[in-house]
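Q: Hi! I'm new to this one and would love a friendly walk through it. Could you pull it up so we can chat about it?

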Amino acid sequence: MLYKNRVAALRAALVEKESEAAVITSAPNVRYFSGFTGSNGALLVSGQQVTLFTDPRYTIQAGREASAKVVIAKGPLETVIAAKLGSFRKVAFENGRISFRSMAALQQARVEWCSLDDTCERLRMVKSEEEQQAIRASVLLNSAALDEALTHFQEGMTETDLAAEIEYRMRRRGAEKPAFETIVAFGERSALPHAQPGAAKITGRGLLLIDMGSFLGGYASDMTRMAHLGRIPAPTRHLFDAVHEAQLAALDRVKAGVTTASVDAAARKVLQSHGYGKAFVHSTGHGLGLEIHEMPRIGKKDKTRLQAGMAITIEPGAYLEGFGGVRIEDTVLVTGSGCEILTPTSKKLMVL
Ligand code: ZN
Ligand code: ZN
């Protein structure tokens, strides 16, 4: 039923595009519309049928997982699919996700092609009850992994040591994998919003930024927390308090019906008032689900209106070169009256 409803929504979108079928080639969308989790799969969705094309490595798995007719292809999937498109006039494809080579193979079919743009991604924005439960479980696991990893923290560990500890705790708790490369950044390096953990030792005095996410049951979680080594200097406290206030202001704005731009503006206004306007170099958040970054974007120019059941992050930050940076991030569910903050971890600036 789950996949039937999702496919029905896709078909309705295809009718609007006057397209008779769609070729879905990206793994998260193949999974969303069929349940198949293999790394090599493509769907052909027509008005009557959903067919999954995969290779012989996945014969058993596809039979078990896929809510679709399964075709085991020998050779590139797109070549096999192209041979099946003869009866269609106009077919939609994932223009934002397909490689040039795969598209060239599909174009062996003499049909008119039309772009799906973000059709599938829009259908995925509002999460079903089951998806919300999956995200909830992923968030709880992620927070428990952080708590546990921090009990093994020792001054003098490298950033990589702590990142490894965190990812080990995730896996031991049942996560399939980290939702992205765990960020552990100490001292001045915390000013790099997407720092890669390195050989730098976590020792002395300074800010420690930890941004981590897990995949559980296919669904992502995402959280950033801050700690400090040693006594907290006044400028660090000022920076932390400003970001904290901005995060609360953005959370306060989240509600069904509100534009994502206005949530972003709420955080930006607070940081500007504290003199950190230029130090906030990214958007306030993003949707998440089968992928770590999904629609909607919670950014300056994004006009999407929030709907109940969307899962998003709220993560303002401020980054000062040569000093350090602060980001605080929760995963939340949008509701009719506001939002439910799923992340249970305290936001306080931890002193290690
Ligand atoms: Zn994050
Ligand atoms: Zn995030």
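Q: Let's start with His-286. Is His-286 buried or exposed?
A: His-286 is buried in this predicted model, because its relative accessible area is 7% and the buried class covers anything under 20%.

Q: And which residues coordinate the zinc ion (ligand 2)?
A: His-286 is one of them, through NE2. The others are Asp-222 through OD, plus Glu-315 and Glu-329 through OE, at 2.1 Å.

Q: How are those donor residues spaced in sequence?
A: The pattern for the zinc ion (ligand 2) is D-x63-H-x28-E-x13-E. Asp-222 sits in the loop between β11 and β12 while His-286 belongs to strand β13 (residues 285-287), so this pair ties together parts that are 64 residues apart in sequence.

Q: Is the arrangement around the zinc ion (ligand 2) tetrahedral or irregular?
A: The arrangement is irregular, because the four donor atoms subtend angles of 78 to 153°. To count as tetrahedral, all angles would have to lie between 85 and 135 degrees.

Q: How far apart are the zinc ion (ligand 2) and the zinc ion (ligand 1)?
A: They are 3.2 Å apart, and Asp-222 coordinates both.

Q: OK, so what are the protein donors of the zinc ion (ligand 1)?
A: Asp-211 is listed twice with OD, and Asp-222 (OD) and Glu-329 (OE) complete the set. These donors lie 2.0 to 2.6 Å from the zinc ion (ligand 1).

Q: What about the angles among its donor atoms?
A: For the zinc ion (ligand 1) the angles among the four donor atoms run from 55 to 149°, and the site is irregular.

Q: How are the donor residues of the zinc ion (ligand 1) spaced in sequence?
A: They follow D-x10-D-x106-E. Asp-211 is in strand β9 (residues 206-212) and Asp-222 is in the loop between β11 (219-220) and β12 (223-229), so the two tie together parts that are eleven residues apart in sequence.

Q: Are Asp-211 and Asp-222 buried or exposed?
A: Asp-211 is buried, with a relative accessible area of 4%. Asp-222 is buried too, at 3%.

Q: Switching topic: how much space lies in the largest pocket?
A: About 390 Å³.

Q: Which residues lie nearest its centre?
A: For the largest pocket, those are His-194, Asp-211, His-286, His-293 and Glu-315, out of 22 lining residues. Asp-211 is a donor to the zinc ion (ligand 1), while His-286 and Glu-315 coordinate the zinc ion (ligand 2).

Q: How does that lining divide by class?
A: The lining of the largest pocket has six nonpolar, nine polar and seven charged residues.

Q: And where does the second largest pocket lie?
A: The second largest pocket lies between domain 1 (2-123) and domain 2 (129-351), because both give residues to its lining. About 300 Å³ of space is in there.

Q: Which helix gives the largest share of its lining?
A: Helix α2 (residues 27-34) does, with three residues in the lining of the second largest pocket. Ala-27, Pro-28 and Arg-31 are among the lining residues, as are Glu-176, Lys-177 and Leu-290. By class, this lining has four nonpolar, three polar and three charged residues.

Q: One last thing: where is Glu-65 found?
A: Glu-65 is in helix α3 (residues 59-65). Glu-65 is partly exposed, with a relative accessible area of 28%. From Glu-65 to Met-212 is 29 Å in space, C-alpha to C-alpha, and 147 residues in sequence.

Methods: Residues are numbered from 1 along each chain as its sequence is written. Chains are lettered from A and ligands numbered from 1 in the order in which they are written. This is a predicted model: local features need pLDDT of at least 70, side-chain atom pairs count only at pLDDT 80 or more; totals for chains, interfaces and linings use all residues. Side-chain values use heavy atoms; hydrogens and water are left out. Donors are N, O and S atoms within 2.8 Å of the metal (3.2 Å for Na, K and Ca); water is not among the atoms, so sites may look incomplete. Four donors count as tetrahedral if all angles lie between 85 and 135 degrees; four count as square planar and six as octahedral if opposite donors are over 155 degrees apart and all others between 65 and 115; anything else is irregular. Helices (H or I, at least four residues) and strands (E, at least two) are DSSP runs, numbered from the N terminus. Buried means under 20% relative accessible area, exposed over 50%, partly exposed in between (1.4 Å probe, protein chains only). On a 1 Å grid over the protein atoms alone, a cavity is a set of points where a 1.4 Å probe fits but cannot get out, and a pocket is an open set with protein on both sides within 12 Å along at least five of seven lines; lining residues have an atom within 4 Å of a point. Grid points are joined across faces, edges and corners, and a volume is the space filled by probe spheres set on the points. Ala, Val, Leu, Ile, Met, Phe, Trp, Tyr, Cys and Pro count as nonpolar, Asp, Glu, Lys and Arg as charged, and the others, Gly among them, as polar. Domain bounds come from an automatic or database domain assignment.
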